[in-house]
Amino acid sequence: MSTTETRPRPKRTRTKNTSHRPALALSALPAQDLDLEPGKEHLVCPDCRMPCPITGLRSPKLVPHDGQHRAQRCIGSNRTVLVDVTVEDWRQQLDGVFRDADSRRSRRQFYKPMPGPATPLHRIGRPSAESALAAYRAHRKQCDACTSRGGCLTGTGLAIGYAELQRQERATRLQAKPMPKRRAAEWAAVTPAVKATAVRRVRDELDATVRQISSKLDRCEREQLDIRIAELKETLRRMR
């Protein structure tokens, strides 16, 4: 047998050895660490936190037991026990512990509400680049997914809408400036061809985007395609 191993001994052994440490009073231990039922007397050793039977009638003490590492005897072995608590008192204390535990409630959890869907730009009365920018900033302030490096699908859609409105307002301001007659005549001559080319380019992109829809796409990819399809359809509607 190895020197680091201890001999197996009966749990309720009778021994004349007594620890020199002061007696352990049961009243100083929590009620949940005790079991004073007749024939089952044991407690949780305060030194190694292991359940340990109590032996002896005239001089109760803890039986020799191993520590947590099971390589040597616990220093609480053969320690005298001072039984200063009756079984009835122990049962009342244990009932009070259970009632107190049942009456406790976990701390209330507060969850940050999910931001509601942003108001679409077409529902904003006479949408402008300024109102679109305000809606985009309000969404980013409430959305946890929108950071300095990226944003959610809703935030991306609002950003695209703001950029489109800003481009339209810039084009409107340029058109409001008076154009020389010669320049206006030249532009009027090429406008139909330019418009037809732009419509054909948008329609080709729309067809290619629709063909990308398949059952292999996940939810995020499908949402991105739906947003792009809606943008292309809106662009075609404005060109006609």
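**Close-up views of a predicted model**

**View 1. The loop that holds Arg49.** Arg49 is found in the loop between β3 and β4. The model shown here and in the other views is a predicted one. The phi angle of Arg49 is near 60°, a positive value in a residue other than glycine. With a relative accessibility of 45%, Arg49 counts as partly exposed. The two strands flanking this loop, β3 and β4, form a hairpin with six residues between them.

**View 2. The pairing of β3 with β4.** Strand β3 covers residues 42–44 and pairs with β4 in the antiparallel sense, over three bridges. Within this pair, His42 stands opposite Pro53 of β4, and Leu43 stands opposite Cys52 of β4. In β4, four of the five residues are buried, so this strand is largely enclosed by the rest of the structure.

**View 3. The pairing of β4 with β5.** Strand β5 (residues 61–62) and β4 are joined by two bridges, and their pairing is antiparallel. Leu62 in β5 is the bridge partner of Ile54. Five residues lie between β4 and β5 in the hairpin that they form. In the turn of this hairpin, Gly56 has a positive phi of about 95°.

**View 4. The four-stranded sheet.** Strands of a sheet pair through backbone hydrogen bonds, either parallel or antiparallel. Here an open sheet of four strands runs in the order β2-β3-β4-β5, with antiparallel pairing. Its edge strands are β2 (34–35) and β5, each of which pairs on one side only. In the protein chain as a whole there are six strands and five helices. From the N terminus on, the elements follow the order β-β-β-β-β-β-α-α-α-α-α.

**View 5. Asn78 in the loop between β5 and β6.** Asn78 is located in the loop that connects β5 with β6 (81–82). Its phi angle is near 60°, a positive value in a residue other than glycine. Asn78 has a relative accessibility of 11% and therefore counts as buried.

**View 6. The largest nonpolar core and Trp90.** In soluble globular proteins, nonpolar side chains tend to be buried together. The largest nonpolar core of this model has 15 residues, of which Leu26, Leu29, Leu34, Leu43, Leu62 and Trp90 touch the most other members. Two elements, β4 (51–55) and α1 (87–103), give two or more residues to this core. Leaving aside its neighbours within four places in sequence, Trp90 is in contact with Ala31, Leu34, Asp35, Leu36, Glu37 and Val85. Apart from this core lies another, of eight residues, including Ala198, Val199, Leu206 and Met239.

**View 7. The two sides of helix α2.** Helix α2 comprises 14 residues, 129–142, and reaches 20 Å from its first C-alpha to its last, close to the 20 Å expected at 1.5 Å a residue. The buried residues of α2 are Ala129, Ala132, Leu133, Tyr136 and His139. They fall within an arc of 125° when seen down the axis of α2, so they line one face of the helix. On the other side of α2, Glu130, Arg137 and Lys141 are exposed.

**View 8. The two sides of helix α5.** Helix α5 (residues 219–239) has 21 residues, and its span from first C-alpha to last is 31 Å, close to the 30 Å expected at 1.5 Å a residue. Buried in α5 are Leu225, Ile229, Glu231, Leu232, Leu236 and Met239. Seen down the helix axis, the buried residues of α5 lie within an arc of 160°, so they line one face of the helix. Arg219 and Arg237 are exposed on the other side of α5.

**View 9. The surroundings of Thr209.** Thr209 belongs to helix α4, which covers residues 181–211. Its relative accessibility is 7%, and Thr209 therefore counts as buried. Not counting residues up to four places away in sequence, Thr209 touches Leu225, Arg228, Ile229 and Leu232. Among these partners, Leu225, Ile229 and Leu232 are buried residues of α5.

**View 10. The protein chain as a whole.** The protein chain has 240 residues, of which 26% are buried. Its accessible surface comes to about 18400 Å², and 53% of this belongs to carbon and sulfur atoms. Of the contacts between residues at least 6 apart in sequence, 52% join residues at least 24 apart.

Methods: Residues are numbered from 1 along each chain as its sequence is written. This is a predicted model: local features need pLDDT of at least 70, side-chain atom pairs count only at pLDDT 80 or more; totals for chains, interfaces and linings use all residues. Side-chain values use heavy atoms; hydrogens and water are left out. A nonpolar core is a set of buried Ala, Val, Leu, Ile, Met, Phe, Trp, Tyr and Cys residues joined through side-chain atoms within 4.5 Å. Buried means under 20% relative accessible area, exposed over 50%, partly exposed in between (1.4 Å probe, protein chains only). Contact means heavy atoms within 4.5 Å. Accessible areas come from the Shrake-Rupley method with a 1.4 Å probe; for residues, only the protein chains shown count as cover. The expected span of a helix is 1.5 Å times one less than its number of residues. The arc is that of the directions from the helix axis to the C-beta atoms. Two strands pair if DSSP finds at least two bridges between them.
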